[in-house]
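Ready for a few exercises? Have a go at each task with the viewer open, then walk through the solution below it.

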Amino acid sequence: MIMRKKFGIVTIFPDMVRAYLGCSILKRAIENNLIAVAIHNLRDYSTDKHRTVDDYPYGGGPGMVMKPEPFFRSVEDQWPIRENRRVIMLSPRGRVFSQEIARELSREKRELIFLCGRYEAIDERVREHLIDDEISIGDYVLTGGELPALVIIDAVSRLLPDVLGDSRSAEDESFSYGLLDYPHYTRPEMFRGMGVPNVLLSGNHEEIRKWRKRQSLKATLQKRPELLAIYALSDEEKLLMEQIKEETS
Ligand code: 4GX
């Protein structure tokens, strides 16, 4: 029996999130009940008539701070059972998202709740007492946590059974097993004088497999050598790697 993966998002821009989830593969995943995303407007959980979600920082300084109460109220109201939720805050201070974390979250049984902040900060009491996890999608500063939440939902969803039409494509590419992807070609065979490597037209599947492996190793060595430090090479890969290093030296 296949279990539907559940996500929740708390944001002051629900339309932004809905727009992305209403397209393409995630749209179909939602229609097919493979995933469900509950989108909640943070302002619905403010307690004043202006629906305020931010305020001035204690101690002074520039920028606004998001109030704790709307976040606490939204989570406690929508996901009251602690054991059934994993509350994730998106922020540059979190652990940096990766394919490994995507895999970990895809196996998580609890509902994944994303708290999306805007402005300069969220009141520290949210970090201390409401969240279970803090994730960053990379070392740059965004205007809000909505894109990071969508990035994570996207990367996690495509790992779930049946979300991608082709069951092989989820894991057979860059990062899924630690090397960069090999070059791909499609028709026409000649485009503006640019051809396709002969081996791909040869029909020799063993040669094609080896060529692709070589190209993956070469691209990884040239563009992301640090990835090779954590990747355990097979005997065949070690041999191919020696050849590549000889050629380029
Ligand atoms: N990967 N930002 C969140 C507001 C904020 C500040 C402090 C919580 C605590 C980002 C990133 C990111 C900018 C989103 C600040 N929220 N989030 N926002 N990079 O830069 O995740």
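**Exercise 1: the two faces of a helix**

Remember throughout that this is a predicted model. Start on the outside: on one side of helix α9, D235, L239 and E246 are exposed.

Task: work out which residues of α9 are buried and what they pack against.

Solution.
- Step 1. Take the helix as a whole: α9 covers residues 235–247, which makes 13 residues. From first C-alpha to last it reaches 19 Å, close to the 18 Å expected at 1.5 Å a residue.
- Step 2. Pick out the buried positions in α9, which are E237, L240, M241 and I244.
- Step 3. Look at how these four sit around the axis: they cover an arc of only 105°, so they are on the same side of α9.
- Step 4. Find the partner. The buried residues of α9 pack against α8 (205–223).

**Exercise 2: the core**

Task: find the residues with the most contacts inside the largest nonpolar core, and say which element gives this core its largest share.

Solution.
- Step 1. The largest nonpolar core has 29 residues, and L105 and F114 have the most contacts inside it.
- Step 2. Now list who contributes. Elements giving two or more residues include the strands β1 (5–11), β2 (35–41), β5 (85–96) and β6 (111–115). Helices α1 (14–21), α2 (24–31), α4 (99–107) and α6 (146–157) are also on that list.
- Step 3. The largest share, six residues, comes from α6.
- Step 4. Zoom in on F114. Setting aside neighbours within four places in sequence, its contacts include F7, I9, I88, L90, A149, I152 and I153.
- Step 5. Don't stop there: apart from this core lies another one of 17 residues, among them V10, V75, I122 and I131.

**Exercise 3: a small sheet**

Task: give the strand order of the open three-stranded sheet and say which strands stand at its edges.

Solution.
- Step 1. The order is β3-β4-β7, and the pairing is mixed.
- Step 2. β3 (54–55) and β7 (121–122) each have a single partner strand, so they stand at the edges and one side of each lacks a neighbour in the sheet.
- Step 3. Check one pair: β3 and β4 (residues 65–66) run antiparallel and are joined by two bridges. Within β4, V65 is the bridge partner of D55.

**Exercise 4: backbone oddities**

Task: which peptide bond is cis, and which residues other than glycine have a positive phi?

Solution.
- Step 1. The cis bond joins R187 and P188, with omega at about 5°. P188 belongs to the loop between α6 and α7.
- Step 2. Look at what touches P188. One of its contacts is V196, which sits in the loop between α6 and α7 (198–201). Beyond neighbours within four places in sequence, V196 also contacts Y185, E189 and L201.
- Step 3. Is V196 buried or exposed? Its relative accessible area is 16%, so V196 is buried, given the cut-off of under 20%.
- Step 4. On to phi. S24, in helix α2, has a positive value of about 60°. D162, in the loop between α6 and α7, has one near 80°.
- Step 5. Compare their surroundings: S24 is exposed at 57% relative accessible area, and D162 is exposed at 54%.

Technical notes:
Residues are numbered from 1 along each chain as its sequence is written. This is a predicted model: local features need pLDDT of at least 70, side-chain atom pairs count only at pLDDT 80 or more; totals for chains, interfaces and linings use all residues. Side-chain values use heavy atoms; hydrogens and water are left out. The expected span of a helix is 1.5 Å times one less than its number of residues. Buried means under 20% relative accessible area, exposed over 50%, partly exposed in between (1.4 Å probe, protein chains only). The arc is that of the directions from the helix axis to the C-beta atoms. Contact means heavy atoms within 4.5 Å. A nonpolar core is a set of buried Ala, Val, Leu, Ile, Met, Phe, Trp, Tyr and Cys residues joined through side-chain atoms within 4.5 Å. Two strands pair if DSSP finds at least two bridges between them.
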